[in-house]
Amino acid sequence: MWRARRATEACEACRSLVVRGALSLPRPRPASRSLQHARPPAARPPFQGSCQPFSSLSRPPPRRWKLSPARPGFQPRRHFWPARLAARLLRLRYLLLGSAVGGGYTAKKTFDQWKDMMPDLSDYKWIVPDFVWQLDEYIDLEKLSKALPDSEALAKLVPDLDKLAGSFSLLKDFFSTGTSGETAFRATDASESDRQFKKGLLGELIILQQQIQEHEEEARRAAGQFNTGYSQQKRKVTDKEKVEQLQEELLRTQLKYQRILERLEKENKELRKLVLQRDDKGIHHRNLKKSLIDMYSEVLDVLSDYDASYNTQDHLPRVVVVGDQSAGKTSVLEMIAQARIFPRGSGEMMTRSPVKVTLSEGPHHVALFKDSSREFDLTKEEDLAALRREIELRMRKNVKEGYTVSPETISLNVKGPGLQRMVLVDLPGVINTVTSGMAPDTKETIFSISKAYMQNPNAIILCIQDGSVDAERSIVTDLVSQMDPHGRRTIFVLTKVDLAEKNVASPSRIQQIIEGKLFPMKALGYFAVVTGKGNSSESIEAIRDYEEEFFQNSKLLKTSMLKAHQVTTRNLSLAVSDCFWKMVRESVEQQADSFKATRFNLETEWKNNFPRLRELDRNELFEKAKNEILDEVISLSQVTPKHWEEILQQMLWERVSTHVIENIYLPAAQTMNSGTFNTTVDIKLKQWTDKQLPTKAVEVAWETLQEEFARFMTEPKGKEHDDIFDKLKQAVKEESIKRHKWNDFAEDSLRVIQHNALEDRSITDKQQWDAAIYFMEEALRGRLRDTETVLENMVGPDWKKRWMHWMGRTQEQSVHNETKNELEKMLKCNEEHPAYLASDEITTVRKNLESRGVEVDPSLIKDTWHQVYRRHFLKTALSHCNLCRRGFYYYQRHFVDSELECNDVVLFWRIQRMLSITANTLRQQLTNTEVRRLEKNVKEVLEDFAEDSEKKLKLLTGKRVQLAEDLKKVREIQEKLDAFIEALHQEK
């Protein structure tokens, strides 16, 4: 059709030329040459507009002319053939010109159609950095081109692509026949596996390995078809040699292809590293795969902290690494992570708690913990050693006292170029016997931890089996069989295959393990790996080289007992990563839907129970309580000085009043004259001030500060009071008071002030004198009430209480009552009796009581006398106070020419003045120093509590708090899951 259209356009162009030039062109001949029509010029038909199918560039065949016979009388015309030739050439010129115009028009139209079909590449200019377009401004490209070597020299550096293409075609032809071999995963769908693995260079490698397996099977069948007869002995030897030659050729091809693959992977790793570094510098931004696995790891971290109160279990996939102790679990994980990151030990248990390792891509090979910002450079040995120590310390910290293992998870992120993206959990090794130094329940605890992770229906179980020991000694295979009986999510890994090849008598036993025929456990795939020579100082590169060298020379691979895709940790990590992401894509949306339902249930419950309250989680409630506590501490500075001094003076007197009256006033009052009284008082006041009074004053001030602080913390705030903070406030108050310590220099300065106050005896006015008398009366009345109460308890109720309240006396009380009556008679006879009884007086009282039939003991007489005399003395002192009310005049004259002596009033005035000055001094210390220090302590306690999650969990409790916490966690999980699902769909 295209050629016909071009021919038609060319014919139309020619026709237009004929019409414009008024030329009469001969009609071209038909395309078919089967008919030849000779026609004279006279019989030429007129020009027809229809075009015949011929090429515009082909010349029509020469026309044969017939000569007319000469008639009589006719003179023949002369023919000028040069003119006719010129006319023909002119016609040919116009034909060529028309064809050129038509062809040019058609070519232009075709070019425009082709140009419209090309995609618009202007939107992809961001791929090339801006500085590339500006290179010609800074670099002289002509000089650069002249400086470069010529094309022939460059051609020598470029590999011969024709030879490479020929090699690959020969390789393809060599493996073009055969049936499909078994894949690494028996339980996956065949079509889906083909679509998944036949992409990219890895898919080509797997196809090649399948073809190799087919040829191995053909060679095995060919070798099995020979007879054992003597007549065919020569042929049998020849076929065996062919089979061995074929196997060697297959191995050489595998090694060659493996080297090509390693070179391409190395180049890919370097390119990805450059791309990631360029992304870090901000040249262009795009979502990389590493961000996807980081988002997924964050979801798992939040889920690990979530308490499933609504039966919303964590069913997100992760790779669970289980195995017997010292089976090589940690070594396999280190090979996948490409770094020796775990603590090492010889035969002892090193993994004491689960370790979640998130592998992701990054420009640098580093590791960091979830709760720390420090990055460990995995290319440096000192950082690797520090990382191993940190992991070991965290494990020991997680293990509580009396236990050997802990279920608490350590979260670790490992980034590096070329790492397979996945999340692995390294569990403690399964043990059969509890040894000395372990907790008795260690075995059961390890089993429970392993089952808790493997019960997840979407968890991929990486079962590690030690190949160097007897398979019958394995414990983990039975445990895995219980958790995954159908083997739909289990990958079996046989470690230490190099030792197994040396020690196992029958190599076919290893083949049975890899084919899944020895264990009752079923698995999705079977792999054999080598994790080094057992030296803990080996590097990952040395272990990888040793592993590849071993499998290249291993008889297991040469004799086809192991398949090429079932060996090396590289193939294992690729297979585990593919299976992991397949499981993630299948299950993540279902998990997101379950959390949406849980969120709806929690929000409904909150609306029904707390409709007028905001949803504040534990951290938000703590911040609210923190602000309230700080406001209450600031309120201490608003207390008036008068209030402080009144409280301090009252509490200080309550604390020292007993000492003042019993040890100072009463002994001094027993003296005979005023001089002795004043001397006794001065001595006792000086001793008291030097030893006890400052300490007592500081204690009173500290207790006063505590009481005021507690009053502000605990008093209700009306409708705004929230009792959910009561525990927290009480704990903050107790911890702050515990940390607070009064200034050490306060007692020294206070001692000087108190001593000076007590030395002052000058009462300046009558008002101070009356105040001192009032203070003395109040103190004595209080002591008198206490004494009468003690005396009443000693002698029993009086006659009024006995008759009105039907109360009686005990035998002891009756004895005390008789003794009291006898002693009161003695005091009536001598009201100025001294404070102590003489021996003859005690004998007289005892004999008087015995005459009335009352047997008493001298100690009982002394005890009763002490209370009787005390009451008598206090009453006498109160009556003396009334006399001293008018004694201020005599005081001013120093009681000269007066029988009235009021030295006891002066004593109480000195005590009262000391209390007032001490209260003022303590108030200044409180407001200027101690309140601020207490406020500082409260802030420190609140900061410590804010960082202690266990404290907040213990102090902020209740249904409201727990419901808000669950709602916050579920929302956070749902948001992270939605973001991860969106990113996952964009990656597809």
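## Overall organisation

Two residues are taken to be in contact when heavy atoms of theirs lie within 4.5 Å. On that basis, in this predicted model, residues 24 or more positions apart account for 80% of the contacts in the protein chain that have a separation of 6 or more. The protein chain has 988 residues, of which buried residues make up 40%, and its secondary structure comprises 35 helices and 9 strands.

## The sheet

The sheet is an open one of 9 strands, arranged in the order 4-3-5-2-6-1-7-8-9 and with mixed pairing. Strand 4 (376-377) and strand 9 (525-528) stand at its edges, and because each has a single partner strand, one side of each is left without a neighbour in the sheet. Helix 12 (residues 329-337) packs on the sheet, where it touches strand 1, strand 2 (355-360), strand 5 (410-415), strand 6 (422-426), strand 7 and strand 8; the direction of helix 12 makes about 160° with that of strand 6.

## Strand 7 and its partners

Strand 7, which spans residues 460-466, is mostly covered, with 7 of its 7 residues buried. In a regular strand the side chains alternate between the two faces of the sheet. In strand 7, Ile460, Leu462, Ile464 and Asp466 point one way, while Ile461, Cys463 and Gln465 point the other way, and all are buried; the buried residues of this strand thus include Asp466 and Gln465.

Strand 7 pairs in the parallel sense with strand 1 (residues 319-323) over 5 bridges, and it also pairs in the parallel sense with strand 8 (residues 490-495), over 6 bridges. On the strand 1 pairing, Val320 has Ile461 of strand 7 as its bridge partner, and Val322 stands opposite Cys463 of strand 7. On the strand 8 pairing, Gln465 stands opposite Leu494.

## Aromatic pairs and a cluster

A search of the whole structure finds 14 aromatic pairs. One of these is formed by Phe550 and Phe551, whose rings are edge-to-face, at 5.1 Å centre to centre and with 70° between the planes. Phe550 counts as buried because its relative accessibility is 13%, under the cut-off of 20%, and Phe551, at 4% relative accessibility, likewise counts as buried. Trp606 and Phe610 form a tilted pair, with 5.0 Å from centre to centre and 45° between the planes, and both of these residues are buried.

Elsewhere, Trp653, Tyr665, Phe775, Phe873 and Phe908 form one aromatic cluster.

## Arginine over aromatic rings

Two arginines are placed over phenylalanine rings. The charged end of Arg394 sits over the ring of Phe369, at 4.0 Å from its centre, and Arg711 lies over the face of Phe712, at 4.6 Å from the ring centre.

## Packing of helix 27 on helix 29

Helix 27 (residues 766-795) and helix 29 (residues 811-829) pack at an angle of about 120°, with their axes 7 Å apart. Angles over 145° would count as roughly antiparallel and those from 65 to 115° as roughly perpendicular, and helix 27 and helix 29 are therefore oblique to each other. Where the two helices meet, Leu791, Asn793, Met794 and Val795 come from helix 27, and Gln813, His816, Asn817 and Lys820 come from helix 29.

Terms used. Residues numbered from 1 in each chain as written. Heavy atoms only, no water. Buried < 20%, exposed > 50% of the residue type's maximum accessible area, 1.4 Å probe, protein only. Helix = DSSP H or I, 4+ residues; strand = E, 2+ residues; numbered from the N terminus. Pairing = 2+ DSSP bridges. Phe/Tyr/Trp six-rings, centres within 6.5 Å; stacked < 30°, edge-to-face > 60°. Lys NZ or Arg CZ within 6 Å of the ring centre and 35° of its normal. Axes fitted to C-alpha atoms, helices over the stretch in contact; angles between N-to-C directions. Parallel < 35°, antiparallel > 145°, perpendicular 65-115°, else oblique.
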